[in-house]
Amino acid sequence: MKKKELLPPEQQGEMPAAQPEAAAQTGQAPPAKAGGPALPTGTYPPANTPMPPAPPAPQPPPPPAKVRRVGTITMSLCLIAAGVLLVLWVFIPSIDYITIARLSPVILVFLGIEILVANTVYRGDKLKYDGLSIFICLLLIGASLVVAVVPQLVYNEIEGNRASRRLSVELEDRGYEALRAAGVEFDSLEFYVEAYGDGVDTEMTAQDIQPEQYVQFRIYFGNDYKDKNAFLADVAKVTKALQAIAPHIDYASFYSYGLSGEYDGNYTGDEHYELTLQNRHQFAEPVTRWADQVYTTYWAEDEGYYISEWEHEDRLQNPENYRLVEIEEEIQDISLPEVGTSLPEPVSEEEDSAAASAPTSLSIAA
């Protein structure tokens, strides 16, 4: 088939249409095609303008990190160990379980090792601390400490009471012998030793008393001392004799009246003396310093009991004040008729005169 020859436009009688490329180079809109819709007016980019790069394709999300729980291994080992010990306790009760319970803080060491290993081996994974496992581990530690501590406290309390009583009796026996050898007259001597703490020993004696353990005594002389100096002389003898049998003394009480005088007032002395030494330093002071600490009481015959020194001096200086008190007490002791009792009716004058004029009958024996 023979190709149709195309003549130039000028030969075909038509004007050549403006090329889009040329219009684009001038920045004008290309002409619309014949019979086609009109193109919008405006500025168009040149033909050699590069196209913008295509946006990158969305990347798929990274896979989630693997979560590893920390603490489960330690809890499992602790539960296994606790179960095994409980089974052994049934068949071998002689095992020292108190010592084993004291080792319970080792659980924290294992828990720390598990955390370090997990952070090193599973560096890219997310670690989650197992709260329930850690709570159970802490619960086992607390229970083990209770099992280890409570029996020891009970043992110390029981042994401390026994040791305290035994040492008190020992010091009382030795104290009686020492005071009799020193020629001191007294009614009674009481010792009290508080032997508690880690230094408690079932075989300890008075010479084994530790400095932190508490020792006190109380003595009743029962003598009628003529003055305070005579009382202090016996106090010095007692202190010297008892300090020789006890490693130390923390507290001491001295009374010049006996037990009978303390409880029912059946004592003939007019003056009583009391002295209390409250710490170890006071035992090292001279006796003259103790004189200011002596508490003196005086027997009040009208009251029937002992009164303090200041009240005794006030009675001597102002006896009228206490006489008024006695009168008031006597008035209060007068018995008055009780409320609600009927008083006798008053007698009229006629009844009184009739009673006066009435003859009195006398029976005369024949």
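This report describes the helices, salt bridges and cysteines of one protein chain, as they appear in a predicted model.

## The chain as a whole

The predicted model shows a protein chain that contains 13 helices and eight strands. The chain has 366 residues, of which 25% count as buried. When contacts between residues at least 6 apart in sequence are considered, 65% of them join residues at least 24 apart.

## Helix 5 and its buried face

Helix 5 covers residues 106-121, and its 16 residues should span 22 Å at 1.5 Å a residue, which agrees with the 23 Å that separates its end C-alpha atoms. Within this helix, the residues I107, L111, E114 and A118 are buried. Seen down the axis of helix 5, the buried residues fall within an arc of 60°, and therefore they line one face of the helix. A general rule of helix geometry helps in reading this pattern: an α-helix has 3.6 residues a turn, so residues three or four places apart point the same way.

The buried residues of helix 5 pack against four elements, namely strand 1 (67-70), helix 3 (72-91), strand 2 (126-129) and helix 6. On the other side of helix 5, by contrast, L116 and T120 are exposed.

## Helix 6 from end to end

Helix 6, one of the partners of helix 5, has 52 residues, and the distance from its first C-alpha to its last is 73 Å, close to the 76 Å expected at 1.5 Å a residue. At the N-terminal end of helix 6, D130 acts as a cap, with a side-chain oxygen that lies 3.3 Å from the backbone nitrogen of L132. Just after helix 6 comes G183, which takes a positive phi of about 75°.

Helix 6 also holds G160, a residue that counts as buried because its relative accessibility is 0%. Although G160 and A195 are 35 residues apart in sequence, their C-alpha atoms are 5.4 Å apart in space.

## Salt bridges along and across the chain

How many salt bridges does the count come to? The count comes to five salt bridges, and three of these are described here, beginning with the side chains of R174 and E170, which meet at 3.8 Å, N to O. R174 and E170 are four residues apart in helix 6 (residues 131-182), which means that about one helical turn separates them. R174 counts as partly exposed, at 27% relative accessibility, and E170 counts as partly exposed as well, at 23%.

A salt bridge also joins the side chains of E190 and R218, at 2.6 Å, N to O. This pair links distant parts of the chain, since E190 lies in strand 3 (residues 188-194) and R218 lies in strand 4 (residues 214-220), 28 residues apart. E190 counts as partly exposed at 30% relative accessibility, and R218 counts as partly exposed at 33%. Another salt bridge is formed by the side chains of D250 and R280, at 2.5 Å, N to O. Here too the pair links distant parts of the chain, 30 residues apart, with D250 in the loop between helix 7 (228-243) and strand 5 (251-255), and R280 in helix 9 (residues 280-283). D250 is buried, with a relative accessible area of 11%, whereas R280 is partly exposed, with a relative accessible area of 34%.

## Cysteines without a disulfide

A disulfide is a covalent bond between the sulfur atoms of two cysteines, and a search of the whole structure finds zero disulfides. Why is C78 not bonded to C137, which holds the closest cysteine sulfur? The sulfur of C78 is 4.4 Å from that of C137, and this is too far for a bond, because a disulfide requires the two sulfur atoms to lie within 2.5 Å. Seen from the other residue, C137 is in no disulfide, and the nearest cysteine sulfur to it is that of C78.

Are these two cysteines buried or exposed? C78 counts as buried, at 10% relative accessibility, and C137 counts as buried, at 1% relative accessibility.

Technical notes:
Residues are numbered from 1 along each chain as its sequence is written. This is a predicted model: local features need pLDDT of at least 70, side-chain atom pairs count only at pLDDT 80 or more; totals for chains, interfaces and linings use all residues. Side-chain values use heavy atoms; hydrogens and water are left out. A salt bridge is a side-chain nitrogen of Lys or Arg within 4 Å of a carboxyl oxygen of Asp or Glu. Helices (H or I, at least four residues) and strands (E, at least two) are DSSP runs, numbered from the N terminus. Buried means under 20% relative accessible area, exposed over 50%, partly exposed in between (1.4 Å probe, protein chains only). The expected span of a helix is 1.5 Å times one less than its number of residues. The arc is that of the directions from the helix axis to the C-beta atoms. Contact means heavy atoms within 4.5 Å. A polar contact is a pair of N or O atoms within 3.5 Å; within protein, one must be able to donate a hydrogen and the other to accept it, and residues adjacent in sequence count only if both atoms are side-chain atoms.
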